[in-house]
Amino acid sequence: MHPAQQDPLEGHLSKRLFVKGNEAAAMGAVAAGCRYYFGYPITPQSDIPEYLSRELPKLNGEFIQAESEIGAINMLLGASATGVRAMTSSSSPGISLKQEGISYMAGAELPGVIINISRSGPGLGGIDASQSDYFQAVKGGGHGGYHIPVLAPNSVQEMYDLTLHAFDLADLYRTPVMLLGDSVVGQMKEALVPNPRPVRELPEKEWAVRGKGSAEQRVVKSLFLGDGELEAHNWRLHAKYQVMKEKECISEEFETADAKLIVTGFGSVSRIAQTAVAMAREEGLKVGLFRPVTLFPFPEKALAEAAGRAGRVLVIELNTGQMVEDVRLSVGAAAKVSFYGRPPGAGSLPSPEELLDVIRKNYDQAPQ
């Protein structure tokens with residue numbers, strides 16, 4: 001391989017590296033075959049474009065710092081329409097600016113990866129860790145009744161692995177996919193094993209536009225004006241989302257088999273919660289952790305089964321209560337659901353000891 005085309009991961013695959021979560025996501029994108037990135041700098045995700053601005057040109061790829069977040073998402077739409085693997089990234093206010101473009105991509109069924117290393121808000125807020133973008137991510141933040149897969153890593157390793165997975169999901173379902181992190185998982189450094197890209201059978205991109213030539217014309221659009229066309233299109237999208245719910249849910253359980261109380265949280269707070277659960281176990285409390293990795297599709301069935309055995313669920317989030325609504329919908333009357341939240345702000349991360357105290361209080365109310 002010519003030095004100008006040297007893969008930055010060559011010689012490092014399956015070796016342990018010590019990197020930031022943001023860097024791991026960028027490395028995962030390169031390993032997934034992404035060669036086109038469009039973005040605009042904003043803290044705390046700027047390590048991603050910094051890494052890709054250095055490495056993509058070495059691979060004959062393209063890095064473009066757009067004039068705005070709106071420009072970046074529309075560049076992603078255009079690149080995706082040609083069938084290449086491409087991505088963008090930003091943090092909360094920037095993701096808000098991208099919502100119209102994400103809706104257009106969902107409507108036109110265009111694959112692409114969007115990374116949100118979320119920050120606190122509303123408004124400009126701050127750069128502290130926050131999980132206040134849950135609703136925006138999983139409910140379809142732009143106009144129209146659409147969904148996109150949302151993956152929530154809680155480690156540097158998962159920032160890499162789930163970025164690989166995101167590109168495959170995008171191509172498999174012809175959809176934008178979001179990786180939803182925060183400043184904790186984005187900025188912390190941990191060991192990473194950059195495993196090779198998994199082999200997965202993916203459909204040919206027979207829809208991709210190729211420009212003028214002898215082949216048949218291909219049109220990528222989200223505008224349907226014929227009688228009944230838009231309704232049929234929306235029902236087809238809905239059917240695709242139901243397939244995702246059946247096939248693509250990912251979750252992780254820790255000590256749930258005999259638990260009388262299930263603690264659940266996603267992303268960075270799930271790590272703190274797992275430490276608190278382990279501490280509770282040392283005290284003899286039968287507590288377990290359920291972590292959704294996919295936020296859409298939400299792992300409803302797996303959570304309902306765990307909650308049904310325990311009878312009580314404690315939801316912990318770095319906000320005033322968002323995922324808790326999906327938890328309540330999932331478990332129904334099978335378990336009582338309580339909530340503990342820490343909205344964004346300086347020092348908003350709870351300690352394991354703080355969560356242990358919350359667990360103790362809720363455990364006293366759990367069915368014995």
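In this predicted model, seven strands come together in an open sheet of mixed pairing, and reading across the sheet gives the order β3-β2-β4-β5-β7-β6-β12. The two edges are held by β3 (62–65) and β12 (294–296), each of which pairs on one side only. Strands of a sheet pair through backbone hydrogen bonds, either parallel or antiparallel.

A good place to begin exploring the sheet is the pairing of strand β5 with strand β7. Here residues 112–118 of β5 run alongside residues 176–182 of β7 in the parallel sense, and seven bridges link the two strands. To locate this pairing by eye, one can look for G112, which stands opposite P176 in β7.

Helix α2, spanning residues 47–55, packs on the sheet. The strands touched by α2 are β2 (36–39), β3, β4 (86–90) and β5. The direction of α2 makes about 145° with that of β4.

Attention now turns to a pair of helices. Helix α3 (residues 69–81) packs with helix α5 (residues 99–108), their axes lying 8 Å apart at an angle of about 20°. An angle under 35 degrees counts as roughly parallel, and α3 and α5 are therefore roughly parallel to each other. Their crossing is right-handed. On the α3 side, the contact is made by I73, L76, L77 and S80, while α5 contributes G101, I102, Y104 and M105. By character, the residues of this contact of α3 with α5 comprise six nonpolar and two polar ones, with no charged residue.

Note on methods. Residues numbered from 1 in each chain as written. Predicted model: local features only at pLDDT ≥ 70, side-chain atom pairs only at ≥ 80, totals over all residues. Heavy atoms only, no water. Axes fitted to C-alpha atoms, helices over the stretch in contact; angles between N-to-C directions. Helix = DSSP H or I, 4+ residues; strand = E, 2+ residues; numbered from the N terminus. Parallel < 35°, antiparallel > 145°, perpendicular 65-115°, else oblique. Left-handed = near helix turned anticlockwise from the far one by under 90°. Contact = heavy atoms within 4.5 Å. Nonpolar A, V, L, I, M, F, W, Y, C, P; charged D, E, K, R; others polar. Pairing = 2+ DSSP bridges.
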